[in-house]
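The following questions and answers concern a predicted model. Please consult the sequence and coordinates while reading.

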Amino acid sequence: MKYVLALLAMIPLPASAQARSYVEGQVWAYKTRPGDDGSLLKIQKIETDKRGRPIYHISVIGFHLSDPHYAPILPHEPVSQQSLDESVTELKADPGTFPSADSGIAEWRSANGGVYTISIAKTIDVLDQTLRK
């Protein structure tokens, strides 16, 4: 039995199941919605909530919106580690051009805002649906 466990321990986990280390300033590709290929996210700031869980303040660029009057830029979105773990696919070397998230973070703090726990693609979809209304 211990040999079976030892063999199982040597099988590499898929990238989506491996623990990742997130650092402020990192730019990631993520599992996008159809048509949003090339969209990237940047970890702008990391802080912890009252329970010690990390909150990742990200910005997202390069997605499309149904209403062309809105720029395809999300300057600030607070997400959980679960959101990042199920979404990110590849750490990118190109930093891209991202907006500052400072004013969004300040507004989020003053409103005692929440944290998204769904995938990044789903949050972009929610944004798109909201702007259509």
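The turns below address a helix, a strand and a surface patch.

Q: Which residues of helix H3 are buried, and within what arc do they fall?
A: The buried residues of H3 (102-110) are Gly104, Ile105 and Trp108. Viewed down the helix axis, these buried residues line one face of H3, because they fall within an arc of 100°.

Q: Which strands are included in what covers the buried residues of H3?
A: The face of H3 turned away from its buried side carries exposed residues, namely Asp102, Ser103, Glu107 and Ser110. The cover of the buried residues, by contrast, includes strands S2 (40-48), S3 (54-61) and S4 (73-79).

Q: Which residue of S5 is the bridge partner of tyrosine 30?
A: Strand S1 (residues 27-30) is covered on both faces, with Val27 and Ala29 buried on one side and Trp28 and Tyr30 buried on the other. S1 runs antiparallel to S2, with three bridges, and tryptophan 28 stands opposite leucine 41 there. S1 also runs antiparallel to S5 (residues 88-92), joined by four bridges. In S5, tyrosine 30 has as its bridge partner valine 88.

Q: Is tyrosine 116 buried or partly exposed, and what is the accessible area of the surface patch that Tyr116, Ile118 and Val126 form?
A: Tyrosine 116 lies in the loop between H3 and helix H4 (120-132). Tyrosine 116 has a relative accessible area of 35%, so this residue is partly exposed. Together with Ile118 and Val126, Tyr116 forms a nonpolar surface patch whose accessible area is about 210 Å².

Definitions and conventions
Residues numbered from 1 in each chain as written. Predicted model: local features only at pLDDT ≥ 70, side-chain atom pairs only at ≥ 80, totals over all residues. Heavy atoms only, no water. Patch = residues over 30% accessible without salt bridge, like charges linked within 9 Å, V, L, I, M, F, W, Y side chains within 5 Å. Areas by Shrake-Rupley, 256 points an atom, 1.4 Å probe, with all protein chains shown as cover. Salt bridge = Lys/Arg side-chain N within 4 Å of Asp/Glu carboxyl O. Helix = DSSP H or I, 4+ residues; strand = E, 2+ residues; numbered from the N terminus. Buried < 20%, exposed > 50% of the residue type's maximum accessible area, 1.4 Å probe, protein only. Arc of directions from axis to C-beta. Contact = heavy atoms within 4.5 Å. Pairing = 2+ DSSP bridges.
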